[in-house]
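Please open the structure in your viewer and keep the selection panel at hand. The tour moves from one selection to the next, and at each stop it says what is to be found there.

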Amino acid sequence: MLRHKLLFTILIILLGCTSSWELAHSDTIKKAGFKKTDMPTFFIHGYGSSYRAERYMVNSAIENGVTNTVIRANVRRNGAIRILHGYRWTNKSYNPLIEVNFIANHNRNYHRYGFWFGKVLNQLQSQHHFTKYNVVAHSLGNLDLMYYLLGHEKKTARLIHQVDIAGPFDGSNIDGFRFPNNSLNADSRPRKMSNFYHFLLNRKENYPIDQVHVLNIYGNLDNGSESDGRVSTTSARSLKYLIGNRAKSYHQVEFRGWDARHHMLRQNPEVSQKIIKFVWGRDNDRSS
């Protein structure tokens, strides 16, 4: 009984420390302030997931005063789009957030999802007339984004901030392209390449040059696996070879420990604060 009470007390203390950390960092973020623009930020979820997977990051942005507008773009199985307004997008909106929600979420057709993302982008652009946008993608949502960016379709808006979380750019155990003991050479080129990495590599010249600020976030469980449990650090870091020399800036951040697990990264308060500062921080001077 005494042992159980002790464990319970320790748990309460740890939870209290976590809450205090989040409040302290939230207050720091709020005091720093944000740029308020009409530039939207799109959140793209991964395989077998939905907009709910991105809710923690979206709610963090709302709670920190980043935005006053959140909408959801439901993409049906036939590609039809339905826009749902949580907070209506008006001429008084600033830093609007769009949760892209693929109803058919058990599919690895990155061409199709990339095309559908482009349809969402174009539809909202025609309604709200923005010329720049940001994207936060998690897991296979990163591949949907890359297939769109490297495709040949005409791009009518300019991507400014690209945040990649747990991106399986050279495969993972989600898609069957897992390469044990794979490694990167000095310029981040992977020794073994998946089919879709070859596809992206052959189209890297389509990536906009000196335009996009990239933040690549990945996890390492620190248990010897060199992975977040689903995606290897090698696969996540291979993004640099694809776009690093074309991006306007490229930042790579590794999170370590149990809360760096694949699905936990999108619910990690440190990750959320990092994204908020990178995309909307007033002092980052990256609006163009």
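Select Arg72 and Glu99 and show their side chains: in this predicted model the two form a salt bridge, with the closest N and O atoms 3.9 Å apart. The pair links distant parts of the chain, since Arg72 belongs to strand E2 and Glu99 to strand E4, 27 residues apart. Colouring by accessibility shows Arg72 as partly exposed, at 22% relative accessibility, whereas Glu99, at 2%, counts as buried.

Keep Glu99 on screen and add Arg55, which forms a salt bridge with Glu99 in which the closest N and O atoms are 2.5 Å apart. Arg55 lies in helix H2 and Glu99 in strand E4, so this pair ties together parts that are 44 residues apart in sequence. Arg55 is partly exposed, with a relative accessible area of 28%. With the three side chains displayed together, you are looking at a network of salt bridges that links Arg55, Arg72 and Glu99.

**Helix H2**

Extend the selection from Arg55 to the whole of helix H2, residues 55-63, and ask which of its residues are buried. They are Met57, Val58, Ser60 and Ala61. If you turn the view until you look down the axis of H2, these buried residues fall within an arc of 160°, so they line one face of the helix. The general background is that an α-helix has 3.6 residues a turn, so residues three or four places apart point the same way.

Now show what surrounds that set of residues: the buried residues of H2 pack against strands E1 (41-44), E2 (70-75), E4 (97-102), E5 (132-138) and E6 (158-165), and also against helix H8 (269-280). Before leaving this part of the chain, step on to Gly65, which follows H2 and has a positive phi, near 80°.

**Strand E1 and its partners**

Select E1 next, and display its side chains on both sides of the strand. Both faces of E1 are covered, with Thr41 and Phe43 buried on one side and Phe42 and Ile44 buried on the other. On the E4 side, four bridges join E1 to E4 and the two strands run parallel; Phe42 has Ile98 as its bridge partner there. E1 also pairs with E5, again in the parallel sense and over four bridges. Within E5, Asn134 is the bridge partner of Thr41, while Ala137 is the bridge partner of Ile44.

**The whole sheet**

Widen the selection to every strand, and the picture becomes that of an open sheet of eight strands, in the order E3-E2-E4-E1-E5-E6-E7-E8, with mixed pairing. Strand E3 (81-85) and strand E8 (249-256) stand at the edges, and each has a single partner strand, so one side of each is left without a neighbour in the sheet. The twist averages 20° from one strand to the next.

Two helices are worth adding to this view. Helix H4, residues 141-149, packs on the sheet and touches E1, E4, E5 and E6, and its direction makes about 150° with that of E6. Helix H8, already met as a neighbour of the buried residues of H2, lies across E1, E4, E5, E6, strand E7 (213-220) and E8, running at about 165° to E6.

**A salt bridge at strand E8**

Where does the salt bridge between Asp222 and Arg256 lie in the chain? Asp222 is in the loop between E7 and helix H6 (233-237), and Arg256 is in strand E8, so that the pair links parts of the chain 34 residues apart. Their side chains meet at 2.4 Å, N to O. Both residues count as partly exposed, Asp222 at 48% relative accessibility and Arg256 at 43%.

**Zooming out**

Finally, display the entire chain, which has eight helices and eight strands and in which five salt bridges are counted. Of its 288 residues, buried ones make up 54%. Among contacts between residues at least 6 apart in sequence, 76% join residues at least 24 apart. Switching to a surface representation, you see an accessible surface of about 13900 Å², of which 50% belongs to carbon and sulfur atoms.

Note on methods: Residues numbered from 1 in each chain as written. Predicted model: local features only at pLDDT ≥ 70, side-chain atom pairs only at ≥ 80, totals over all residues. Heavy atoms only, no water. Buried < 20%, exposed > 50% of the residue type's maximum accessible area, 1.4 Å probe, protein only. Arc of directions from axis to C-beta. Contact = heavy atoms within 4.5 Å. Pairing = 2+ DSSP bridges. Axes fitted to C-alpha atoms, helices over the stretch in contact; angles between N-to-C directions. Salt bridge = Lys/Arg side-chain N within 4 Å of Asp/Glu carboxyl O. Areas by Shrake-Rupley, 256 points an atom, 1.4 Å probe, with all protein chains shown as cover.
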